[in-house]
Amino acid sequence: MAARGKQSAQGGRFDLCLLRAVEYVRRGGLLRSELTLKNICVWHHPNLYASGMRYGKDRWKSTWEVILYAIKGEEAKHGKNISAYAYRKWGKGFDVFIYPQPRPLLHKAQKPLGLVMKLIDCSSNEGDLVLDPFVGSGTTAVACKLLNRDFIGFDNDPKWVEIARRRVESTTPGGNNPLKEAFG
Ligand SMILES: C[S@@+](CC[C@H](N)C(=O)[O-])C[C@H]1O[C@@H](n2cnc3c(N)ncnc32)[C@H](O)[C@@H]1O
């Protein structure tokens with residue numbers, strides 16, 4: 001990237017959100033794929049202080065992550081008007097999702113179940129097959145079971161595959177109870 005941050009008069013550095021998002025698109029390989037990028041969304045997790053101050057003293061602590069919404073081809077196969085559907089079912093149809101990080105954490109990069117359920121529910125239908133190649137503690141797999149989607153997951157650490165498997169086994173299928181955003 002040409003610039004990762006901008007120097008202020010006081011010597012502080014401000015991340016440029018757009019540049020960070022574009023960097024994710026580049027690293028995610030989307031520009032070279034057959035996928036069409038539809039949105040650059042944000043997951044804002046306002047409770048990061050609970051995980052300590054290991055980001056260093058020379059920058060603002062980051063409380064958001066990029067979510068890229070891309071589809072195969074030009075038109076989504078799920079047939080949903082995604083924002084309208086999200087508004088009706090989940091109370092909010094915007095591209096900024098506000099969910100606290102789950103506590104306690106099984107995995108240090110664990111995603112909130114409500115967030116993952118909302119994303120899957122709004123961009124697929126019952127019976128669809130969902131792939132998560134970085135399954136970690138199995139949040140996506142649990143969301144799929146709750147939402148009646150089929151699921152394939154990988155992780156290069158067998159420990160996480162086992163933990164995800166146990167989480168899925170203790171989940172009852174079809175418990176489709178929307179978990180709303182923290183400030184929605
Ligand atoms: C961000 S975590 C996933 C967290 C998960 N979404 C959850 O809620 O628990 C990414 C996972 O990908 C796994 N991983 C990293 N590189 C991988 C690779 N090349 N192939 C498969 N899994 C990989 C890591 O072991 C880690 O568990």
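**Ligand shell, helix α4 and the three-stranded sheet**

The ligand is surrounded by 14 residues, and the closest of them are Ala109, Phe134, Gly136, Ser137 and Thr139. By character, the shell around the ligand comprises five nonpolar, six polar and three charged residues. These features belong to a predicted model. Its mean pLDDT is 81, and 74% of the residues in the protein reach 70 or more. Confidence falls below 50 over residues 1-16. That stretch has 17 contacts in the model beyond near neighbours in sequence.

The protein contains five helices and seven strands. Along the sequence, these elements follow the pattern β-β-α-β-β-α-β-α-β-α-β-α. Of the 184 residues in the protein, 18% are buried. Contacts with a separation of 6 or more were also examined by their span in sequence. Residues 24 or more positions apart account for 62% of these contacts.

Thr139, one of the closest residues to the ligand, also belongs to helix α4, which spans residues 139-146. Helix α4 is mostly covered, with eight of its eight residues buried. The buried set consists of Thr139, Thr140, Ala141, Val142, Ala143, Cys144, Lys145 and Leu146. Lys145 is thus listed among the buried residues of α4. In an α-helix, residues three or four places apart point the same way, because there are 3.6 residues a turn. In α4, the buried residues pack against two helices, α3 (113-123) and α5 (158-169). They also pack against two strands, β6 (129-132) and β7 (150-153).

Helix α3, one of these packing partners, contains glycine 114. Glycine 114 counts as buried because it has 22 C-beta neighbours inside 10 Å, against a threshold of 20 or more. Glycine 114 and threonine 139 lie 25 residues apart along the chain. Their C-alpha atoms are separated by 9.5 Å.

Helix α5 also packs against the buried residues of α4, and proline 158 is found in α5. Proline 158 is exposed, because just 8 other C-beta atoms lie within 10 Å and the cut-off for exposure is 12 or fewer. Proline 158 and glycine 136 are 22 residues apart in sequence. In space, they are 9.7 Å apart, C-alpha to C-alpha. Gly136 is itself among the closest residues to the ligand.

Two backbone features occur in loops. Asparagine 148 sits in the loop between α4 and β7, just after α4. Its phi is positive, at about 60°, although asparagine 148 is not a glycine. With 14 C-beta neighbours inside 10 Å, asparagine 148 counts as partly exposed. The second feature involves proline 104, in the loop between β5 (96-98) and α3. The peptide bond from arginine 103 to proline 104 is cis. Its omega is near -5°.

Strand β5, which precedes that second loop, is part of an open sheet of three strands. The strand order is β4-β3-β5, and the pairing is mixed. Strands β4 (64-72) and β5 form the edges, each pairing on one side only. From one strand to the next, the twist averages 30°. Side chains in a regular strand alternate between the two faces of the sheet.

The mixed pairing is seen in the two partners of β3. Strand β3 (residues 35-44) and β4 run antiparallel and are joined by nine bridges. Across this pairing, cysteine 41 stands opposite isoleucine 67 in β4. Strands β3 and β5 run parallel and are joined by three bridges. Here, tryptophan 43 stands opposite phenylalanine 97 in β5. Histidine 44 stands opposite isoleucine 98, also in β5.

Methods
Residues are numbered from 1 along each chain as its sequence is written. This is a predicted model: local features need pLDDT of at least 70, side-chain atom pairs count only at pLDDT 80 or more; totals for chains, interfaces and linings use all residues. A residue is near a molecule or strand if its C-beta atom, placed from the backbone, lies within 6 Å of it. Ala, Val, Leu, Ile, Met, Phe, Trp, Tyr, Cys and Pro count as nonpolar, Asp, Glu, Lys and Arg as charged, and the others, Gly among them, as polar. Helices (H or I, at least four residues) and strands (E, at least two) are DSSP runs, numbered from the N terminus. Two residues are in contact if their C-beta atoms, placed from the backbone, lie within 7 Å. pLDDT is the predictor's confidence in each residue, from 0 to 100. Two strands pair if DSSP finds at least two bridges between them. Axes are lines fitted to C-alpha atoms, for helices over the stretch in contact, and angles run from 0 to 180 degrees between N-to-C directions.
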